[in-house]
Amino acid sequence: TPTRSRIYRLISSTRGALQNRSFSSGGKPLCFLGEEWIQLPLKSSKAVNHNSSIFEFALPSESDSLNLPVCACILAKMPNSDTVRPYTPVSDNSKLGGFDLLVKRYEAGTLSKAMHDDLKTGEPMEFKHIPFNVKEQYPFKKKKISMLAGGTGITPMYQALTSICDNPDDDTEVSLVYGSIAEQDILLREELDVLASKNPRLKVTYTLSDPTSKWDGLVGIVDQSKVEEYCFGPEEDQLVFVCGPPGMYESLCGPRDTKEVTGILADLGYGDDAVVKF
C-alpha cells in the first residue's frame with residue numbers, strides 16, 4: 001500500500017544515518033537514537049481520551065529496540081521546524097520495531113497540535129537523544145520512592161515503574177500520587193492499576209481538581225496534606241520524583257531547571273539530594 005511504501009522508503013534511508021551512532025566499549029549502542037536528528041515514520045496512532053493519543057513510531061528493523069536509559073526522554077520535532085519538545089516513551093525497551101509516545105494536545109502547543117491534527121501514518125518526525133535528558137538512573141538504590149505527578153508528567157513515572165515492577169528482585173516500595181483535572185484526564189490509568197494489582201509494594205493514589213459528584217477519591221491538587229499523608233518521610237532511605245506542569249514545580253519543589261529544593265518539600269525537610277525534578 002502507499003502508506004507501507006512510505007514507511008519502507010523512510011526506514012531504508014534512515015539505516016544509513018545510523019552508522020555514526022555512539023557505541024559503548026562493548027560494541028553495543030547506548031541508545032538507538034544518537035545526538036543527531038534522524039527521521040522515523042509514524043506507524044500508528046490511537047486516541048486514549050478527549051485530548052491525548054499514543055503515537056507509535058517505527059524503527060528500521062523489527063528487531064530494533066529503542067534501548068533508552070531509564071529514566072530518560074527523547075527530543076522530537078517536525079521536519080523543517082525549530083519547535084522541539086521532550087517526550088518520555090511509554091513503551092519499554094522490550095518493545096521491538098518501534099516505540100510509543102503519549103502526547104496531549106495543547107491548543108497553544110505547536111508540536112502537539114501538528115501531531116494530532118496533521119501527522120499521517122507513514123509521515124516522518126525527527127528524533128534524537130542527548131546526555132542532558134538522562135535523569136536519575138535505574139536501579140535507583142533507595143528502599144522507598146515517592147512519586148508526585150500531574151497530567152502528562154505521569155510518563156517518566158510510568159517509565160520508572162515498569163522497570164521497578166518488572167524486576168522480581170527489586171523490593172523498592174513506591175507511593176505514587178497522581179493529580180489530574182477530571183477522571184477522564186487520568187492518563188495510563190489502566191496500566192497503573194494493573195501494575196499496582198500485581199505489585200503489593202506499589203501504591204497508586206489519584207486526586208482530581210475538578211471531579212464530578214460520582215468521584216469517591218481524593219479531591220484537589222497535589223498539596224502539602226497529600227505529601228504528608230502519602231509520601232515517605234524525609235528521614236527514610238528514599239527519593240521523591242516530581243513531574244508535572246510549571247505550577248506544580250513552583251508549589252512542591254521549585255523550578256525544574258534548578259537543583260535547589262524549595263516550596264512544600266523543602267518546608268517538610270526534603271533536601272536537594274532527595275528530590276528528582278523531571
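# Exercises on a predicted model

The place of L188 is in the loop between β8 and α4. L188 belongs to a predicted model, and the exercises below all refer to this model.

**Exercise 1.** Determine whether L188 and K141 are buried or exposed.

*Solution.*
Step 1. The criterion is needed: a residue is buried under 20% relative accessible area and exposed over 50%.
Step 2. L188 has 10% relative accessibility and therefore counts as buried.
Step 3. K141, found in the loop between β6 and β7, has 73% relative accessibility, so K141 counts as exposed.
Step 4. The backbone of each residue also deserves attention. L188 has a positive phi of about 60° although it is not a glycine. For K141, likewise not a glycine, phi is positive, at about 60°.

**Exercise 2.** State which peptide bonds at C71 and P139 are cis, and locate these two residues.

*Solution.*
Step 1. The bond joining V70 and C71 is cis, with omega about 10°.
Step 2. C71 lies in the loop between β2 and β3, the latter being residues 74-77.
Step 3. From Y138 to P139 the peptide bond is cis as well, and omega is near 0°.
Step 4. P139 is placed in the loop between β6 (124-128) and β7.

**Exercise 3.** Give the strand order of the open sheet of 6 strands and explain what is particular about β4 and β5.

*Solution.*
Step 1. The order is β4-β3-β6-β1-β2-β5, and the pairing is antiparallel.
Step 2. β4 (85-87) and β5 (98-104) stand at the edges with a single partner strand each, so one side of each has no neighbour in the sheet.
Step 3. From one strand to the next, the twist averages 40°.
Step 4. One pair may be examined in detail: β1 (residues 38-47) and β2 (residues 52-58) are antiparallel and share 5 bridges. Here S45 has F55 in β2 as its bridge partner.

**Exercise 4.** Describe the surroundings of strand β7 and its pairing with β8 and β11.

*Solution.*
Step 1. In β7 (residues 144-150), 7 of the 7 residues are buried, so the strand is largely enclosed by the rest of the structure.
Step 2. In a regular strand, side chains alternate between the two faces of the sheet. In β7, K144, S146, L148 and G150 point one way, while I145, M147 and A149 point the other way, and all are buried.
Step 3. β7 pairs with β8 (residues 173-180) in the parallel sense over 7 bridges; K144 stands opposite E173 in β8.
Step 4. The chain passes from β7 through helix α3 (residues 154-165) to β8, a β-α-β crossover that is right-handed.
Step 5. β7 also runs parallel to β11 (residues 238-243), to which 6 bridges join it. The bridge partner of K144 in β11 is Q238.

**Exercise 5.** Test whether the span of α3 agrees with its number of residues, and state what covers the helix.

*Solution.*
Step 1. The expected span is 1.5 Å times one less than the number of residues.
Step 2. For the 12 residues of α3 this rule therefore gives 16 Å, and the end C-alpha atoms are 16 Å apart, which agrees.
Step 3. α3 is mostly covered, as 12 of its 12 residues are buried. Among them are I154, M157, L161 and C165.
Step 4. The cover over the buried residues of α3 includes β5, β7, β8, α4 (189-198), β9 (202-208) and β11.

Terms used:
Residues are numbered from 1 along each chain as its sequence is written. This is a predicted model: local features need pLDDT of at least 70, side-chain atom pairs count only at pLDDT 80 or more; totals for chains, interfaces and linings use all residues. Side-chain values use heavy atoms; hydrogens and water are left out. Two strands pair if DSSP finds at least two bridges between them. Helices (H or I, at least four residues) and strands (E, at least two) are DSSP runs, numbered from the N terminus. Axes are lines fitted to C-alpha atoms, for helices over the stretch in contact, and angles run from 0 to 180 degrees between N-to-C directions. Buried means under 20% relative accessible area, exposed over 50%, partly exposed in between (1.4 Å probe, protein chains only). A crossover is right-handed if, with the strands pointing away from the viewer, the path from the first strand over the helix to the second runs clockwise. Contact means heavy atoms within 4.5 Å.
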